[in-house]
Amino acid sequence: MSLQQISLYLQVLLYLAAGINHFVHPLFYVRIIPPYLPDASLLNTISGIAEIVLGIMLLFPATRVLAAFGIMAMLVAFIPAHIYMIQISKTPTALWISWLRLIPGQPLLIYWAYSLVKL
């Protein structure tokens, strides 16, 4: 198995697990959705479904590029949640973790998804 295939399957597992986690631990996600966005519970459900569907779409060459761009768009859309996590952090540790999730976390995940476009 090539490094690219391993990367692909790791991303499939990551997005499937993350999507499922939206339904297993919904309060974690609902709490980090900025209050200016409507219906946090619905947004959590939509993002969980999107992660699952996009993760599955990565498996098929015919939908892989669309899924990769969908994941990149989703990761950009999640940036307000990461900024909100920074704003509501109650401890220095939580603050640093939130910053690391935003920078370099989000750009690295976006680049990793982009790497599948060429696969």
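1. Helices α4 and α6 are roughly antiparallel to each other. In this predicted model, the two pack at an angle of about 170°, and their axes are 8 Å apart. Since angles over 145 degrees count as roughly antiparallel, the pair falls in that class because of its angle. On the α4 side the contact is made by Ala68, Ile71, Met72, Leu75 and Val76, and on the α6 side by Gln106, Leu109, Ile110, Ala113 and Tyr114. Sorted by class, this contact has nine nonpolar residues, one polar residue and no charged residues.

2. A second helix pair is formed by α1, residues 3-24, and α3, residues 40-57. Their packing angle is about 155°, with 8 Å between the axes. That makes α1 roughly antiparallel to α3. The crossing of α1 past α3 is left-handed. From α1, the contact uses Val12, Tyr15, Leu16, Ala18, Gly19, Ile20, His22 and Phe23. From α3, it uses Asn44, Thr45, Ser47, Gly48, Ile49, Glu51, Ile52, Gly55 and Ile56. By class, the contact of α1 with α3 has nine nonpolar, seven polar and one charged residues.

3. The largest nonpolar core holds 14 residues. Those touching the most other members are Tyr15, Leu54, Leu58 and Ile71. Helices α1, α3 and α4 (61-77) each supply at least two residues of this core. The most comes from α4, which gives six residues.

4. Ile71 deserves a separate look. It is one of the α4 residues in the contact with α6, and it is also listed among the core residues that touch the most other members. Leaving out residues up to four places away in sequence, Ile71 touches Tyr15, Leu54, Leu58 and Ala113. Of these, Ala113 belongs to the α6 side of the contact with α4, while Tyr15 belongs to the α1 side of the contact with α3.

5. Two further residues of α1 can be set side by side. Leu13 is found in helix α1 and counts as exposed, because its relative accessibility is 56% and the cut-off for exposed is over 50%. Its C-alpha lies 9.4 Å from that of Ile52, although 39 residues separate the two in sequence. Ser7 also lies in helix α1, but it counts as buried, at 15% relative accessibility. Apart from neighbours within four places in sequence, Ser7 is in contact with Trp112 and Ser115.

6. Which residues of helix α5 are buried? In this helix, residues 79-88, they are Ala81, His82, Tyr84, Met85 and Ile86. The buried residues of α5 pack against α2 (26-32) and α6 (92-114).

7. Helix α6 also contains a backbone feature to check. The peptide bond joining Ile103 and Pro104 is cis, with omega about 15°. Pro104 is found in α6.

8. A second backbone point concerns Asp39, in the loop between α2 and α3. Its phi is near 45°, a positive value in a residue other than glycine. Asp39 is partly exposed, with a relative accessible area of 48%.

Notes. Residues numbered from 1 in each chain as written. Predicted model: local features only at pLDDT ≥ 70, side-chain atom pairs only at ≥ 80, totals over all residues. Heavy atoms only, no water. Axes fitted to C-alpha atoms, helices over the stretch in contact; angles between N-to-C directions. Helix = DSSP H or I, 4+ residues; strand = E, 2+ residues; numbered from the N terminus. Parallel < 35°, antiparallel > 145°, perpendicular 65-115°, else oblique. Left-handed = near helix turned anticlockwise from the far one by under 90°. Contact = heavy atoms within 4.5 Å. Nonpolar A, V, L, I, M, F, W, Y, C, P; charged D, E, K, R; others polar. Core = buried A, V, L, I, M, F, W, Y, C linked by side-chain atoms within 4.5 Å. Buried < 20%, exposed > 50% of the residue type's maximum accessible area, 1.4 Å probe, protein only.
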